[in-house]
Amino acid sequence: MKHLPDLLRIATAGSVDDGKSTLVGRLLYDTKSVLADQIDAVVRASVDRGLDGPDLSLLVDGLRAEREQGITIDVAYRYFATPQRSFVLADTPGHVQYTRNTVSGASTAQLVILLVDARNGVVAQTRRHAAVMALLGVPQLVLAVNKIDLVNNPAEVFAQISQEFGELTRSLGWSDDQVIEIPVSALHGDNVAIKSDRTPYYDGPTLIEHLETVPNVTDRRQVGLRFPVQYVIRPRTAEYPDYRGYAGQIAAGRVSVGDEVVILPSGTRTTISQIDTADGQLATAHTGRSVTLLLADDVDASRGDVIAAVADAPEPIQQFTATVCWLAEKPLRPGARLLLKHGTRTTQAIIGGLDALFDEQNLTLIESPNTVELNQIGRITVQTAEPIVADDYQVNRENGSFLLIDPQGGNTLAAGLVGDALAPLHLQQAELV
């Protein structure tokens, strides 16, 4: 039998009142990932509210503002496990004004659970979230049709929602084997951990069964080493008078002692002589590992440089097309002077032009917009003061993403993807109104 990786990164998304917090609470409860005193506290709070049973959403809505309003505001990371697999879940907010938090939570997800209320079906926020997930390159998508117990003719409703959602996801570039629809009742636990006898029209897996067995997909293409230098270690002590190590986290690929590498953007070539960690030396290190690399030659490398595999080293770029999700109240305009953070390098940047705006409701492109507003997604041209060593986002998610930052206040203004992430969606052009 094929071995499945131990850890799956997932995220949740959905509109307000679709029951997302209740579903996450149900996942934690059914996998026995909450302590007994937490359950007791939820039961007491539910009784105080006059509820007949425990409100499992209280397990996850931790902020006081969230509990009082009954909505999720912040991104919270939850951990749970089954005998087959462990999970890290990013519980993201559903309200339109918090789309920025959804982008953050789903940016590293390998699977997203998108909720809809069976009584409402696919709504505008569903389409917006699906579009964002497509742009982020999320490999697997689950549509959880929640509150299926509250509708008449549930089989007909589920079939209709599944058909509409399937048409949407196919238009956004997903194949049918990447998407599954599951009818659930988060409140009662139907088809979450246990197969429900109230949905005889559905013969697929429960939500947890699907999470346990879905292929664990990371990047669509395997790339060579991408190692952004975070810090240069020079102890200059009697014990280590000549030690020079380059510390950081492997963003992509793997590295072994003896590998030939190139320092970018300078283009200097050398080889790996040693790989150090806090636990000792390694012969090989893989994606996600924090290490210190020692090089065979004395080279000029510093924070912000990238150590890459020679075979497929990316070309340093200073002018490029990018796709951004704008996260600030103040709109983006051509000529804006911002800071761009890619990996460990931060440099000044100018927005050269706004090429197109993505209308996620009609799945069309609006050419040459005047601005990109809060929560809108656009294709822009960027010019940087210093070269960055980036892959196209379609090739590698980790090394193809960046942030745009306000140079005055330091606030994050946009999440960006290197390249035209809208191109795979095959969108039609629309007129700017």
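Student: Before we start, what does buried area mean here?
Tutor: Buried area is the accessible area, with a 1.4 Å probe, that two parts lose on being put together, summed over both. Keep in mind that this is a predicted model, where local features need pLDDT of at least 70, side-chain atom pairs count only at pLDDT 80 or more, and totals for chains, interfaces and linings use all residues. Residues are numbered from 1 along each chain as its sequence is written, and side-chain values use heavy atoms, with hydrogens and water left out.

Student: Got it. Which domains is the protein chain divided into?
Tutor: There is domain 1 (6-213), domain 2 (226-309) and domain 3 (317-430), with bounds from an automatic or database domain assignment.

Student: And what area is buried between domain 1 and domain 3?
Tutor: About 1,600 Å², and carbon and sulfur atoms give 56% of that.

Student: How many salt bridges and polar contacts there?
Tutor: The rule finds zero salt bridges across that interface, taking a side-chain nitrogen of Lys or Arg within 4 Å of a carboxyl oxygen of Asp or Glu. Four residue pairs are in polar contact, both at pLDDT 80 or more. That term is a pair of N or O atoms within 3.5 Å; within protein, one must be able to donate a hydrogen and the other to accept it, and residues adjacent in sequence count only if both atoms are side-chain atoms.

Student: Which helices supply the domain 1 side?
Tutor: α4 (99-106), α5 (124-136) and α6 (154-171) each supply at least two residues of the side that touches domain 3. The largest share, eight residues, comes from α5. Helices here are DSSP runs (H or I, at least four residues), as are strands (E, at least two), numbered from the N terminus.

Student: New topic: how many helices and strands does the protein chain have?
Tutor: Seven helices and 24 strands.

Student: Any odd backbone spots? Where is Pro265, say?
Tutor: Pro265 sits in the loop between β11 (260-264) and β12 (268-277), and the peptide bond from Leu264 to Pro265 is cis, with omega near 15°. Then there is Lys32, not a glycine, yet with a positive phi of about 55°. Lys32 lies in the loop between α1 (20-30) and α2 (36-48).
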